Amino acid sequence: MEMNIALLPGDGIGPEVIAQAVKVVNAVAKKFDHKITFEEAPVGATAIDLKGDPYPDSTHQVCLRADAVLFGAIGDPKYDNDPKAKVRPEQGLLSMRKQLGLFANVRPTFTFPSLIHKSPLRLERVEGVDFVFFRELTGGIYFGEPRGRNEQGTKAFDTNIYSKEEITRLARMGFEAAQKRRKLLTCVDKANVLATSRLWRETVQELASEYPEVKVEYEFVDAVAMRLIQWPKAYDVLITENLFGDILTDEASVISGSMGLMPSASLGTENKLFEPIHGSYPQAAGKDIANPLATVLSAAMMFDYAFDLKAEAQAISDVVNKSLAEGIVTEDIAEGGKAYKTSEVGDWLAENV
Ligand code: IPM
Ligand code: MN
């Protein structure tokens, strides 16, 4: 297969971890006889420095002509403590999602046997945990209008707004995923308080009859926040709106003990983007110490979700598992064993694919 992949390394450790994913993708291409071309473009603080815009149109064009986008991370501390900054790297992320129509953010939580003891939860609670969030990504309070301040600047407001269509397309992805998994779908909302949540619930109830094998549960977001750490094995596929999903997927990312390893996909009808869940980790930038596995596993998700190439995705998961088993890992998970550099882990993975 011929594949054209847009590379958006972004800020902080982004370029280093993306470089390792590229090595692994190239190794997979060689093994399975694919022809892959990469086109790189700036995003985030890097793009502000270069073009004055965190998601410049030139980068958007690169994404549009690609079959998939592999993205590193966005964020630079120089903007964090300046509430008056006119442009911020995060705006790049939001406009990228919006312009590419990436309405579904897929964030899995699964365990790696060799890291499970790092979980903040007791072993029996976390062993075998395997669920996935489908977070709505281009609507809700993140984008709703009006937003801003009153004239005096003494009141501020944001608008949470959802259309049936936005809920339906996200919910369908959840139902379809559940059908291929353990056939349990949890709709996470706050329908006891919010009108938007009541529309979510109503819409999901209507869709449920089209997916008779899938059992649907409805839970309030506050209860899920609690149950997710009490009994994470109770979940299979969870669907939710943008803000709830933002919060709960951070909670979810620490459950398995492998925060640095969790990949994600952001999917639209036309475009698909893959990125590690961790951020830009500026303290580690340029030191060749960042853990590249989340980005490498995001590349595995790319083969699966963007190209439906399961064996290629599996080859990457397998080699990641092998590196963990053999201790070819970066310092964050080396635990007294030898710590390898980011680039050494990437080389090892590529060789062993
Ligand atoms: C995420 C991030 C972003 C979000 C920020 C950086 C805008 O936290 O991808 O979850 O809130 O969506
Ligand atoms: Mn977040």
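## Strands 1 and 3

In this predicted model, strand 1 (residues 2-10) runs parallel to strand 3 (residues 68-73), and the two pair over 5 bridges. To find your way into this pairing, start at Leu8: the bridge partner of Leu8 is Phe71 in strand 3.

## The sheet around them

Both strands belong to an open sheet of 10 strands with mixed pairing, in the order 2-1-3-12-11-4-5-10-8-9. At the edges sit strand 2 (35-40) and strand 9 (215-220), each of which pairs on one side only. On average, neighbouring strands of the sheet are turned by 25 degrees against each other, direction ignored. As a reminder, strands of a sheet pair through backbone hydrogen bonds, either parallel or antiparallel.

Follow the order to strand 9 and you can pick up helix 9 (residues 221-230), which lies across strand 5 (130-136), strand 8 (184-189), strand 9 and strand 10 (237-240). Helix 9 runs at about 105 degrees to strand 9.

## Helix 12

Now for helix 12, which covers residues 310-326. At 1.5 Å a residue, its 17 residues should span 24 Å, and the end C-alpha atoms are 24 Å apart, so expectation and model agree. After helix 12 comes Gly327, with a positive phi near 75 degrees.

Which residues of helix 12 are buried? They are Glu312, Ala313, Ala315, Ile316, Val319, Val320, Ser323 and Leu324. It helps to recall that an α-helix has 3.6 residues a turn, so residues three or four places apart point the same way. The cover over the buried residues of helix 12 includes helix 1 (14-32), helix 11 (293-307) and helix 13 (342-352).

Conventions. Residues are numbered from 1 along each chain as its sequence is written. Chains are lettered from A and ligands numbered from 1 in the order in which they are written. This is a predicted model: local features need pLDDT of at least 70, side-chain atom pairs count only at pLDDT 80 or more; totals for chains, interfaces and linings use all residues. Side-chain values use heavy atoms; hydrogens and water are left out. Helices (H or I, at least four residues) and strands (E, at least two) are DSSP runs, numbered from the N terminus. The expected span of a helix is 1.5 Å times one less than its number of residues. Buried means under 20% relative accessible area, exposed over 50%, partly exposed in between (1.4 Å probe, protein chains only). Contact means heavy atoms within 4.5 Å. Two strands pair if DSSP finds at least two bridges between them. Axes are lines fitted to C-alpha atoms, for helices over the stretch in contact, and angles run from 0 to 180 degrees between N-to-C directions.
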